[in-house]
Amino acid sequence: MVSVAIMGHGVVGSGVAEILTTHKKKLFAGLGEEIYIKKILDLREFPDSPLADRFTKDFNDILNDREIRVVAEVMGGVNPAYDFVKKCLKSGKSVVTSNKELVAAKGAELLEIAKENNVNFLFEASVGGGIPIIRPMSQCLVANNVDEVAGILNGTTNFILTKMIADGMQFDDALKLAQDLGFAERNPAADIEGHDACRKICILASLAYGKHVYPDAVHTEGITKITLEDVKYAEAFGCVIKLIGKVKKLEDGKIDILVAPMLVPNESQLANIDYEFNGIMVRGDCTGDVVFYGKGAGKLPTASAVVADIVDCCKHLKTRKYLYWTDGDGKNILPAEQSVSAMYVRANGTDVISKAENIFGSVSVIERADADDTAFVTSEITYGEFNEKIASLANDGVEVLSTIRIGDL
Ligand code: HSE
């Protein structure tokens, strides 16, 4: 029997307790031993829980219990999770977590502490919820040099954009629906401003390229400025708008990493990933494109990944799994101004296209019968040069209403 503890009994934590209870026999068959939930940490009372006798409000009850070998951190947020995880690792306990904020902020340090203490720190659930992505990248695809990772990494924003595209809903109405259905938080800022997707692409980039990428170093845009007009122009151009997290290895060894809404061509494998689903494309130099698809959030999908990590830790109590990257100083990250992409522009004014062609050279006009504005797509351009030219267009009396990258996906 292996004793484990769960820190946090919210949506994911209660899902972990549920799966460990309802799937006891299945897990026994896979591990050859029983996984016993010895303690659950939460400040709230759960008198009606079948595990009511295991709850504690004191973290030290877990830390000081030598029988507990594996701890699942499913509290969320950096504090106090960081302190608790560090202490558990230092005391020789393996830790698994679903906490992308923690891994994106402190992953390199926690991996180092795990290594020093000969224990494991696993975080399959931190990206893509129930979709296997960390283990496939660190094990199944390990023979590949990863050329690029691109994905729809946030279910909330994908749900909102899908509702705008499929049902013509306004952004605010789609957000409210997402909140009513429980996909979006009451405070949706981390999702709609792109920070959640940024943390996830940082984790994947760190894993793919071996150096920690911190969220502050990544150009991040959310979806709050996307309008139905943009959605309709995208459709006329044979695209859908998706919030994409993307990292690409360049020839000079730098990485081009960003989170932004993009016009994704209908033929792309990411174009049909809709509603709250996530999809992640990994381009390996041996495999070519490998695409992972599924539920990126939710109680049982996320808990499924946490439990898989618990089982993996139980199987490797005396050995370390090789999952590791070193700290990063950001010097391997291409400055956002140098990142290259074709750009969609929606604008208003007189002679917009001739003024745009004077500044950008030839552009592709997007025709739409029922439109009041004008939209065009530039050829590939660095983001820095694009912004300078957009300022010139504005100086020429054109009102620039919207600019969005064209996804090369
Ligand atoms: N808010 C996140 C999402 C939850 O919508 O994808 C899973 O990380």
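Cys 202 comes close to pairing up, but not close enough: the nearest cysteine sulfur belongs to Cys 198 and sits 4.1 Å away, too far for a bond. Keep in mind that this is a predicted model. Cys 202 is also buried, at 0% relative accessibility.

Cys 286 tells another story. The cysteine sulfur closest to its own is in Cys 140, 14 Å off, so no bond can be assigned there either. Cys 286 is exposed, with a relative accessible area of 56%. A disulfide needs the two sulfurs within 2.5 Å, and by that rule the count is zero.

Here are the two cysteines side by side:

| Cysteine | Closest cysteine sulfur | Sulfur distance |
|---|---|---|
| Cys 202 | Cys 198 | 4.1 Å |
| Cys 286 | Cys 140 | 14 Å |

So what does the side chain of Asn 144 reach at 2.8 Å? That would be the backbone nitrogen of Cys 286. Asn 144 sits in the loop between α6 (134–140) and β7 (146–152), and with a relative accessible area of 12% it counts as buried. Leaving aside residues up to four places away in sequence, Asn 144 touches Gly 284, Asp 285, Cys 286 and Thr 287.

Now for the wider layout. The domain assignment splits the protein chain into domain 1 (2–129 + 299–315), domain 2 (134–295) and domain 3 (336–406). Between domain 1 and domain 3, the C-alpha centres are 49 Å apart.

Note on methods:
Residues are numbered from 1 along each chain as its sequence is written. This is a predicted model: local features need pLDDT of at least 70, side-chain atom pairs count only at pLDDT 80 or more; totals for chains, interfaces and linings use all residues. Side-chain values use heavy atoms; hydrogens and water are left out. Buried means under 20% relative accessible area, exposed over 50%, partly exposed in between (1.4 Å probe, protein chains only). Domain bounds come from an automatic or database domain assignment. Helices (H or I, at least four residues) and strands (E, at least two) are DSSP runs, numbered from the N terminus. A polar contact is a pair of N or O atoms within 3.5 Å; within protein, one must be able to donate a hydrogen and the other to accept it, and residues adjacent in sequence count only if both atoms are side-chain atoms. Contact means heavy atoms within 4.5 Å.
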